[in-house]
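Subject: Handover of a structure and findings

Dear colleague,

Please find the structure below, together with its sequence. My notes on what was found in it follow directly after.

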Amino acid sequence: MGKMLAPLLAGLTEEEQLQMRTSPCCRQAAYQKGETIFRAGTMTKEMGMVLSGMVYIENIDLWGDRSILSSVSEGQVFGETYALCREPLMVDAVAAEDCTLLFLHTEKLLQAQEAQEPWAMKVMGNMLRVSMQKNLTLSTRIFCTSGKTIRSRLLTYLTYQSMKSGSTTFQIPFNRQQLADYLNLDRSALSKELGKMQQEGLITFYKNSFKLCQSLTHDDAKQ
């Protein structure tokens, strides 16, 4: 895992990272695609960091409909808010593919002896920054699902991904069903709208690769 991909470890030397991984606070585990890591309704004292693979944060309503709230890729963390606040999980964390995770026991981390370690102080500061970034991610999803039409949601999401990548050509982390879940849309309706948008010259796409072909207007989003 590249160091730049792990915001939780920002500022830690190699020696400090080794101290962290060998401390009583940490454990490593592997999960296969589809396995549940954290389950809604339970409580956890651990937060997870993805060493390899990807994790989806999902919500399943009373009718069994699933929504993907976010994807957690290599170097990113999940579950930190629930681990710190000791509240029951309202979401599931599921392995999107085979993955290896590093779990950090927050209660042990905050114990006096561990908290005084230089690596622990750095990690706690990084956790605050990570939490603020998570708030931004959740706000982005709310923004992307607030549109009244399928097209408006798609254009909001695709425009955001374009801005995030700094290019009109970019890849998204979802397949069609996952994108539909993320935007709270029916898959067939989403696919149909994508086809229309491509026919109208707004976008081109192949699988999860997209290109915005022209400047998008407010009228485009209302259609």
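To begin with a cation and a ring: the charged end of Arg141 is placed over the ring of Tyr182, at 5.2 Å from its centre. Please bear in mind that this is a predicted model, and that every value in this message was computed from it.

A second arrangement of this kind involves Arg27, which lies over the face of Phe103 at 4.2 Å from the ring centre. Phe103 is also part of a cluster in which ring pairs link it with Tyr31, Phe38 and Phe78.

Overall dimensions and content

The protein chain comprises nine helices and 11 strands. Its C-alpha trace spans about 60 × 40 × 30 Å along the principal axes. Of its 223 residues, 43% count as buried. Among contacts between residues at least 6 apart in sequence, 69% join residues at least 24 apart.

Aromatic pairs

The structure contains nine aromatic pairs. In one of them, Tyr157 and Tyr182 have ring centres 5.4 Å apart and planes at 55 degrees; the pair is tilted because this angle lies between the limits of 30 degrees for stacked and 60 degrees for edge-to-face. Tyr157 belongs to helix α6 and Tyr182 to helix α7 (residues 176-182), so the pair ties together parts that are 25 residues apart in sequence. Tyr157 has a relative accessible area of 2% and is buried. Tyr182, the residue whose ring lies under the charged end of Arg141, is likewise buried, at 7% relative accessibility.

Phe205 and Phe210 form another aromatic pair, this one stacked, with 5.5 Å from centre to centre and 25 degrees between the planes. With a relative accessible area of 23%, Phe205 is partly exposed, whereas Phe210, at 2%, counts as buried.

The sheet of β9, β10 and β11

Phe205 and Phe210 are also bridge partners, the latter residue being in β11. The sheet concerned is open and has three strands in the order β9-β11-β10, paired in the antiparallel sense. Its edge strands are β9 (169-171) and β10 (203-206), each of which pairs on one side only. From one strand to the next, the twist averages 20 degrees.

Strand β11 (residues 209-212) pairs with β9 over three bridges and with β10 over four. On the β9 side, Gln171 has Ser209 of β11 as its bridge partner. The hairpin of β10 and β11 has two residues between the strands, and Lys207 there takes a positive phi near 55 degrees.

Which side chains of β11 are buried, and which are not? Phe210 and Leu212 point to one face and are buried, while Ser209 and Lys211 point to the other and are not. In general terms, side chains in a regular strand alternate between the two faces of the sheet.

Helices against the sheet and against each other

Helix α6 (residues 150-165) lies across β9, β10 and β11 and runs at about 100 degrees to β9. Helix α8 (residues 187-199) lies across β10 and β11, at about 125 degrees to β10.

Helix α6 also meets helix α5 (residues 118-144): their axes come within 8 Å and cross at roughly 145 degrees. On the α5 side the contact is made by Thr140, Phe143 and Cys144, and on the α6 side by Arg153, Thr156, Tyr157 and Tyr160. By class, these are four nonpolar, two polar and one charged residues. Tyr157 therefore serves in two of the arrangements described here, as it takes part in the contact with α5 and pairs its ring with that of Tyr182.

A buried acidic residue

Finally, I would draw your attention to Glu80 in helix α2 (residues 80-85). Is this residue buried or exposed? Its relative accessibility is 3%, so Glu80 counts as buried, the limit being 20%. Apart from neighbours within four places in sequence, Glu80 is in contact with Met47, Val130, Ser131 and Lys134.

With kind regards

Conventions: Residues numbered from 1 in each chain as written. Predicted model: local features only at pLDDT ≥ 70, side-chain atom pairs only at ≥ 80, totals over all residues. Heavy atoms only, no water. Pairing = 2+ DSSP bridges. Axes fitted to C-alpha atoms, helices over the stretch in contact; angles between N-to-C directions. Contact = heavy atoms within 4.5 Å. Nonpolar A, V, L, I, M, F, W, Y, C, P; charged D, E, K, R; others polar. Phe/Tyr/Trp six-rings, centres within 6.5 Å; stacked < 30°, edge-to-face > 60°. Buried < 20%, exposed > 50% of the residue type's maximum accessible area, 1.4 Å probe, protein only. Lys NZ or Arg CZ within 6 Å of the ring centre and 35° of its normal.
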